[in-house]
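Take a look at this protein chain and follow a few of its residues and strands. Keep the structure open as you read.

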Amino acid sequence: MIRLLFLLSIGLYLSACNPNRSDITGKMDAYVPVYATQNEIQQVSVEAQQPTVNAAKIYAYRNYIFQNDLYNGIHIIDNTDRNNPKKIAFLKLPLNTDIAIKGNYLYANNYVDLVVFNIADPAKPQLVKRVNNAFPPADQQYPPFKNVYFVCPDKGKGTVLRWELKNIDMPKCRR
């Protein structure tokens, strides 16, 4: 009996993830990959201040705070008035997950590359060096959530920047 239940549950699991199933139809919420080309990922820029989306590590440097915004970039905050810090710029850095500061230099990852910025003028960081392929690529085959439906990524479309939850026709994968 236990063996039968085990085999039945394996069969249900496998049939739920079969990309060839045509008996499941309709709309549902699923994670969809958002792609970028290598050129788009390497396009870094200083932009106007933006709202924080995925707050992460912060660094204090002189009268400034650099706040990592996971996968998006780095907020530059003027902290001269400790009671009223103000965001003054945003360093757009796709797929950035970590930062460090030493001297007048900010070090960050830009997907698999290491980038170095001169921050002698923190409001205007200047890219001074890029070390290509300094880090192993992150596994972007799956969204960072368990027990969710998602659209299988297509490597031919580029690198997965992030996953967005959308209401779509039945996706073909589940994790």
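Start at Gln140. Setting aside neighbours within four places in sequence, Gln140 is in contact with Leu95, Pro153, Val160, Leu161 and Trp163. This picture comes from a predicted model. Gln140 sits in the loop between strand 10 and strand 11 (149–150). What does the side chain of Gln140 reach at 2.7 Å? The partner is the backbone oxygen of Val160.

Stay in that loop for a moment. Asn147 also lies between strand 10 and strand 11. Its backbone is worth a look. Most residues other than glycine have a negative phi. Asn147, however, has a positive phi, near 55°. Is Asn147 buried or exposed? Asn147 counts as exposed because its relative accessibility is 60%, and the cut-off is over 50%.

Now turn to the aromatic rings. A pair of aromatic rings is described by the distance of the centres and the angle of the planes. The count comes to 4 aromatic pairs. One of them joins Tyr142 and Phe150. Their ring centres are 5.9 Å apart, and the planes make an angle of 85°. That arrangement is edge-to-face. The two residues are covered to differing degrees. Tyr142 is partly exposed, with a relative accessible area of 35%. Phe150 has 2% relative accessibility, so Phe150 counts as buried. Trp163 joins Tyr142 and Phe150 in one aromatic cluster. Recall that Trp163 is also one of the contacts of Gln140.

Another aromatic pair is made by Tyr61 and Phe66. It is edge-to-face, with 6.2 Å from centre to centre and 65° between the planes. Both Tyr61 and Phe66 are buried.

Next come the strands. Strands of a sheet pair through backbone hydrogen bonds, either parallel or antiparallel. Strand 4 (residues 64–69) and strand 5 run antiparallel, joined by 6 bridges. Where does this pairing place Asp69? Asp69 stands opposite Gly73 in strand 5. The two strands form a hairpin with 3 residues between them. Tyr71 is in that turn. Its phi is near 70°, a positive value in a residue other than glycine. Tyr71 counts as partly exposed because its relative accessibility is 42%.

Follow strand 5 (residues 73–78) onward. Strand 5 is mostly covered, with 5 of its 6 residues buried. On to the next partner. Strand 5 pairs with strand 6 (residues 86–92) over 6 bridges, again in the antiparallel sense. Gly73 has Lys92 as its bridge partner in strand 6. Gly73 thus has a place in both pairings, with Asp69 opposite in strand 4 and Lys92 in strand 6.

Finally, move to an open sheet. It has 4 strands in the order 7-8-9-10, with antiparallel pairing. Why is one side of strand 7 and of strand 10 left without a neighbour in the sheet? Strand 7 (99–102) and strand 10 (126–131) stand at the edges, and each has a single partner strand, so one side of each has no neighbour there. From one strand to the next, the twist averages 25°. Within this sheet, look at strand 8 (residues 105–110) and strand 9 (residues 113–118). They run antiparallel and are joined by 6 bridges. Asn110 has Asp113 in strand 9 as its bridge partner.

Definitions and conventions: Residues are numbered from 1 along each chain as its sequence is written. This is a predicted model: local features need pLDDT of at least 70, side-chain atom pairs count only at pLDDT 80 or more; totals for chains, interfaces and linings use all residues. Side-chain values use heavy atoms; hydrogens and water are left out. Two strands pair if DSSP finds at least two bridges between them. Axes are lines fitted to C-alpha atoms, for helices over the stretch in contact, and angles run from 0 to 180 degrees between N-to-C directions. A polar contact is a pair of N or O atoms within 3.5 Å; within protein, one must be able to donate a hydrogen and the other to accept it, and residues adjacent in sequence count only if both atoms are side-chain atoms. Contact means heavy atoms within 4.5 Å. Rings of Phe, Tyr and Trp (its six-membered ring) pair if their centres lie within 6.5 Å; planes under 30 degrees apart count as stacked, over 60 as edge-to-face and the rest as tilted. Buried means under 20% relative accessible area, exposed over 50%, partly exposed in between (1.4 Å probe, protein chains only).
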